[in-house]
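Good morning, colleagues. Please look at the structure on the screen while I take you through a surface site, then the interior, then the overall figures.

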Amino acid sequence: MASWKLAALWLFGTMFCEGWSAAENHELQPDALHPWRRQWSVGLVRVRRDWIIPPIRVLENSKHVPEDLVQIKSDKIFTSQVIYKLEGPGVDQEPKNLFEIDDKTGVIRSKHPLDREKHRSFTLKAFALSPSGERLENPSTIEIMVLDQNDNRPVFTRNQFTGTVSEFSVPGTSVMSVSATDADDPMTDNAILSYSIVGQESVPANAVTKVMFGINNQTGTIYTRDVGLDREVVKSFKLKLQVADMSGMGLTSEGVAIIQVSDINNHAPQFKPNTYSMSAVENRKDYEIGRVNVTDRDDRGTGNWEAKYTIAQGDPAGHFAVNTDSVTNQGVLRVVKPLDYETQAEYDLVLVVENLNQLSIKAPNSPVSSATVLVAIMNENEAPRFKEDPIQIMVPESVVPGTVLKRNLAYDPDYNTLRYEISRDPERWLDINRHTGEISARRTFNIRSPHVKNNIYHAGVKATDTAGLSTTATLAITLKETNDFPPKLLPLSGTICRAADYPVSTLVLTAVDEDLYPHAEPFTFELPEDLAINWTIIQVNKTHASLQSLLELEAGDYAVMVMVSDSGSPTLSAYAQVNVTVCPCDPFGHCKSETAAIFGSSVGISFIALIIIMATIALLLLLLLLAVAVNTCSRHHHNKRGTALLVGESEDDIRDNVLNYDEQGGGEEDENAFNIDLLWNPSDSPPDPGSFCPVLGIPRGKQPLRRDAPHDLPSPTYPRRPPADPADIEDYINDGLEVADNDPNVPPYDTALIYDYEGEGSLAGSLSSIASGSSDGDQDYDYLNDWGPRFKKLANMYDPR
């Protein structure tokens, strides 16, 4: 060691003598804290080639401390005094105070033992300085390498290793790998490891005595060495491991490996017992009725042990289901669909079982285990059941009341007697037989009811058994549209233009029908055969037609009878009279007056138009004079009448009283009431001269024309004189009334003109004047008693007794 140090000192002395160079004519940049760290200016310095110092090797854990490692010298030592400084990790940086340098001799020494596992090397820098602190040389790099010693044991990476091996694995099956580490230098023998198994224990203890596992000493892989791993015999193994460095010759450590023997599905589940009896209640679902048991030697809680059950026979309708209790591995039998005792009172089910995992090929070849389950169904009282819900009914809306709509609505599973009732019927259209449930129509339906949606009327029916259990169902009555209403023609009046500007003028007709499709449009429009000569009707579309005249008609009003038919089944038709006004029209198609039609459409009042206006005024004045004359004639006629109360001076007076028996006029001054002279017939003898108007020279009451009968028919013969016997006056009155009613030339008596006017007064005054007149004092009124009960009161008034 001393010779190595001397050689090192000599080498470094030579390197420093030849390698250090001085700089000429240069300036130093001062550094107050570390003056030796000044940088030389490249442009002002000429540097000689420096010596490279090889790494210094130091053995770790050395007990000879402090220990001199190397000495450095500067060639400036011959010219001036040199001071040596050292810096870097291990000196003034962490870890500090491991190395130092003698500032006068340049000897570098270690102060404490080194640890390679903590610091493998140190890189230091040495400086040569003048007493004033000036750097004399470039800093020199010194590398110190720490040499390794086998001072660390190998250590397993885990306190306990765990692995798994399947039962019945063949020898050589890899089970697991273990590993260890060594803090020593891996490039030396100090870190070369070797693994071994130094002990084996089985669980349960002594279940297996032979060595079942081996280990690769270089990789740490554990493998099987022998056969006989049976999960039902041994559950696991505990191996004691050892690792050593220096290829097994150095330091050692121990570890533990636990190897579990995993189960394979080599045992099929078996029912125990294989026959069961259970019971279930009808009409219930989703409840447990019993459990079945199985045994399995495979590992509990794994898929090799967990059972899977299936119903193989006896439940074609799917009333039952079986599932597995994951804790007990039992089969839980459940009812998932309601049972019916009346349909089937007992079920004979066959269950089979298998594992959740597929059976291993190493398992014994045995059949699948099965069990028989006998399920008895318990009867209970059930509510009535409708054969359908909703109950569908389809009827025409015009169904005849009393028509049976539906029978056989419901039944009772327990054969109890049922009673029925309508639970909901907002329109009260339905009746139901309480005992048979026969539903019938109470009255005709109306498809336009607000309770009918999309042609469906919803009602409700309820069935109750003798035990009080009831069930309701919905009645969905689909109403079919029927042809109930004939179409109505529109419009019933209109205008057709008559002018050269309108060669073809039509009246557009349409129709409305309260029925719905398909009993409404398209409509058919037709004319009676006798009107087809002058008129025609042309179909425009499904709902409209045009009425046209075939001839050029005179201006005026025309009544045209039109028949319109719908498309229902059966077809309904209706006749309607269309009042057509034929008139001249203006350019806009509107009717204009006769005057405008004659004189065209010139603007302003022409001379001819002025003449027409004046003629109209004159005509109005003439009519006024005629009205005054008629009124005068009427008053003159009344003054000519006799004073007798019932028997007049002329036979016309008697007829007047008879024919005006039901007249509601006001007396002699009632000129607007119907007068007897209106019934004068030219074929009869002339009436009293007082009945002629002296102004006009014509009979006062000229017969008006009736529009409801031909004008040229002869009037029937009226009775002229009363019979000789006054007692027959009732027959005489009835005969006169009958003739008047059958006379086509007089207006009817049941008109508003007669009954709504009460007259303007009477010239006779009060009835008291009848008895006070001297002219009537000798009058004999006895015959009034013979005229019947109608004149009895009047006879009493004039009875001289």
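I begin with Ile617, which counts as partly exposed because its relative accessibility is 47%; buried means under 20%, exposed over 50%, and partly exposed in between, with a 1.4 Å probe and protein chains only. This is a predicted model, in which local features need pLDDT of at least 70, side-chain atom pairs count only at pLDDT 80 or more, and totals for chains, interfaces and linings use all residues. Residues are numbered from 1 along each chain as its sequence is written, and side-chain values use heavy atoms, with hydrogens and water left out.

Ile617 belongs to helix H3, residues 607-639. Helices (H or I, at least four residues) and strands (E, at least two) are DSSP runs, numbered from the N terminus.

Turning to the interior, the largest nonpolar core has 26 residues, of which Leu405, Leu430, Phe445, Leu475 and Ile477 touch the most other members. Such a core is a set of buried Ala, Val, Leu, Ile, Met, Phe, Trp, Tyr and Cys residues joined through side-chain atoms within 4.5 Å. Among the elements giving two or more residues to this core are strands S34 (456-465) and S35 (470-480).

Which residues does Phe445 contact, leaving aside neighbours within four places in sequence? They are Val395, Glu397, Val399, Leu405, Trp429, Leu430, Ile477 and Leu479, where contact means heavy atoms within 4.5 Å.

Finally, the protein as a whole has eight helices and 43 strands. Of its 801 residues, 36% count as buried.
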